[in-house]
Structures are given as C-alpha cells and as structure tokens.
Amino acid sequence: MLLELKQLKKQFKENHVLKGIDLSVNKGEVIVIIGPSGSGKTTLLRNINFLETADSGTMAFRDQQIDLSRPTKEQILWVRRHTAMVFQNYNLFKNKTALENISEGLVFGQGKSKLEADELAEKALDQVGLLDKKGFYPSQLSGGQQQRIGIARATVLNPDIVLFDEPTSALDPELVGTVLHDMKQLADQGQTMIVVTHQMSFARNVASRVAFFADGEILETGRPDEIFDHPQHERTQQFLSAIA
Ligand code: ADP
C-alpha cells in the first residue's frame, strides 16, 4: 500500500464538503474518481498534498503516518516532494519557456544543476512529443500542449503519485485525446495516479479502480466493469445514465 486515507473530513463554514473519506492506493494503481460537480473531488486532491488542511483524518503515505489536521512543516514538504499535481488550468509560469517550466522544480525542489535539469526536462518534453517547443512560452502554445507540459513538469520530478484534477476539462474537444494519450502512457509505465475526470472512456479503459463520489462521500469503489456495467448504488446508476 502506498497511500491510505482514513476518515478525512473537511468543511468550509457550515458546508461539509468531505464527510469521512477512506481511500487506499496501491503502488502502480490508477484510481479514477468520478461523480457530480461540486461533490468534493477537487477538495479531496487538495487535502492530500496540503493545498487545503483537513479538519480531521489520517494519511499513511509510504512509511509516514500523518495527522491530516495537524501536519508538521516537514511532513508537508515531504508529501509535496513525493507527489505532483496536474491542474485543470495547467498553472504554468507565463514568463517561463516550456523547458524552464519543467526544469524549475528540478533545480529549486531537488537541487539539481541547471545542466542536469535541462537534460531531464528535454527528455520529458520529448516523451510528450514537444521537444521542438522547448523555447516557447505558454501563450504561444495550445491548451493541449500546455497541459502536456504540465504533465511533463509533474512526472519529471519522479513522484510516487501524481494527482490529476480534471486535466482535460478546460481543453477544446479535439485536444482532449492527446492529453489522455499521455496519461495512458504514464499509467502503462506503472505510474501511480489518482485522476479526477469526467472522461468516462478513460476511466473504463485505464483505471485499476473507479471511485464514485457524491455529496462528499465515496459511495462505491470497484473495477471499471463493476462500476460501469453493474453499479450498485442508486446515485451511481443515476449519474451514469444521465451522462450516457
Ligand atoms: P468537485 O471537484 O467535485 O466539483 P469541489 O471540491 O471543487 O467539487 O467543491 C466542493 C464544494 O466545496 C463546493 O460546494 C465548493 O463551493 C466548496 N469549496 C471548495 N473550495 C472551497 C473554498 N476554498 N472555500 C469555500 N468553499 C469551497
């Protein structure tokens, strides 16, 4: 087991957004989280890497046991060093080139020399087929290209787990496939990932397990065929028939 959340709770004022999430992730698994908008999926990811702090709950990650409501500074840094996040809106530095966006974390986060960081960044760009764009700024790239650079930036750090927050939902439909292709390639390489997405074909084809999320709870978890072909919970059935 790589990561295990127990009873993660989070509320914003009187809004109980996460009502006690239990989730375990094994090394090499692709966990895909589906469910209605506003149900707390993004908040869950943000609590895992401490972009938000939970009200209660624990997280076991590698050999560390962390109280999610009272993480130490060291624990926060440690978790961030071993995880990476890919955002809906890419979050690239606008005044840095594609290459610099990727190499930055290697130099400042991991203390690599500029030369070594550039070499690794070039390799990562090559993997997503964008080496020829290394000197381009985000504004000179399509949304799909920016997101592929977002993925390269995340994976170049060699994280134990990559958290994807609706990585294709800001993209024009014709660009979605290229990003999903990169994500599938990563999954095939054994990268552990948690993916929040509305792309049901990705969930069906790539997920090791699918978790259906509604109203701040995971209502059911199972293999893709179990969730898509034989959903047990009425809410899951409703959700799937509404989007079909
Ligand atoms: P999803 O990803 O499933 O669409 P979110 O996690 O983005 O859902 O949001 C769940 C709920 O939490 C929503 O009602 C949203 O308004 C609320 N929420 C999220 N972040 C904050 C915040 N920083 N402050 C207040 N409310 C928030």
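This short presentation describes a predicted model of a protein, beginning with the whole chain and ending with the residues around the ligand.

Good morning. Let me start with the overall dimensions. The protein has 244 residues, and a compact globule of that length would have a radius of gyration near 18 Å; the value for this protein is 18 Å, so the two agree. Along the principal axes, the C-alpha trace spans about 50 × 45 × 35 Å. As for burial, 42% of the 244 residues count as buried. If we consider the contacts with a separation of 6 or more, 64% of them are accounted for by residues 24 or more positions apart. In secondary structure, the protein contains 9 helices and 10 strands.

I turn now to the sheets. Strands of a sheet pair through backbone hydrogen bonds, in either a parallel or an antiparallel arrangement. One sheet here is open, with 4 strands in the order 2-1-4-5 and antiparallel pairing. Which strands stand at its edges? They are strand 2, residues 15–25, and strand 5, residues 64–67; each has a single partner strand, so one side of each is left without a neighbour in the sheet. On average, and ignoring direction, neighbouring strands of this sheet are turned by 15° against each other.

Within this sheet, I shall follow strand 1, residues 3–12. Strand 1 runs antiparallel to strand 2, and 8 bridges join the two. Here glutamate 4 stands opposite serine 24 of strand 2. The hairpin of strand 1 and strand 2 has 2 residues between the strands, and in this hairpin lysine 13 takes a positive phi near 50°. Strand 1 also pairs with strand 4, residues 56–61, in the antiparallel sense, this time over 5 bridges. Two of the facing residues can be named: leucine 5 stands opposite methionine 59 in strand 4, and lysine 6 has threonine 58 as its bridge partner in strand 4. Lying across strand 1 and strand 2 is helix 1, residues 41–48, which runs at about 65° to strand 2.

Another open sheet has 6 strands, ordered 6-7-8-3-9-10, and its pairing is mixed. The edge positions belong to strand 6, residues 83–86, and strand 10, residues 217–222; since each has a single partner strand, one side of each is left without a neighbour in the sheet. The twist averages 20° from one strand to the next. As an example of parallel pairing, strand 7, residues 161–165, joins strand 8, residues 192–196, over 5 bridges. In that pair, valine 162 has methionine 193 of strand 8 as its bridge partner.

One residue outside the sheets deserves mention. Glutamate 174 is located in helix 6, residues 173–188. Is glutamate 174 buried or exposed? With 9 other C-beta atoms within 10 Å, glutamate 174 is exposed. Between the C-alpha atoms of glutamate 174 and glutamate 4, which are 170 residues apart along the chain, the separation is 36 Å.

Finally, the ligand. The residues around the ligand are Phe12, Asn15, Val17, Ser37, Gly38, Ser39, Gly40, Lys41, Thr42 and Thr43. Strand 2 and helix 1 are the elements that give two or more residues to this shell. Helix 1 supplies the largest share, with 3 residues. By character, the shell divides into 2 nonpolar, 7 polar and 1 charged residues. Helix 1 thus appears twice in this account: across strand 1 and strand 2, and in the shell around the ligand.

Key:
Residues are numbered from 1 along each chain as its sequence is written. This is a predicted model: local features need pLDDT of at least 70, side-chain atom pairs count only at pLDDT 80 or more; totals for chains, interfaces and linings use all residues. Two strands pair if DSSP finds at least two bridges between them. Axes are lines fitted to C-alpha atoms, for helices over the stretch in contact, and angles run from 0 to 180 degrees between N-to-C directions. Two residues are in contact if their C-beta atoms, placed from the backbone, lie within 7 Å. The radius of gyration is taken over C-alpha atoms; the globule rule is 2.2 Å times the number of residues to the power 0.38. A residue is buried if 20 or more other C-beta atoms lie within 10 Å of its own, exposed if 12 or fewer, and partly exposed in between; C-beta atoms are placed from the backbone. A residue is near a molecule or strand if its C-beta atom, placed from the backbone, lies within 6 Å of it. Ala, Val, Leu, Ile, Met, Phe, Trp, Tyr, Cys and Pro count as nonpolar, Asp, Glu, Lys and Arg as charged, and the others, Gly among them, as polar.
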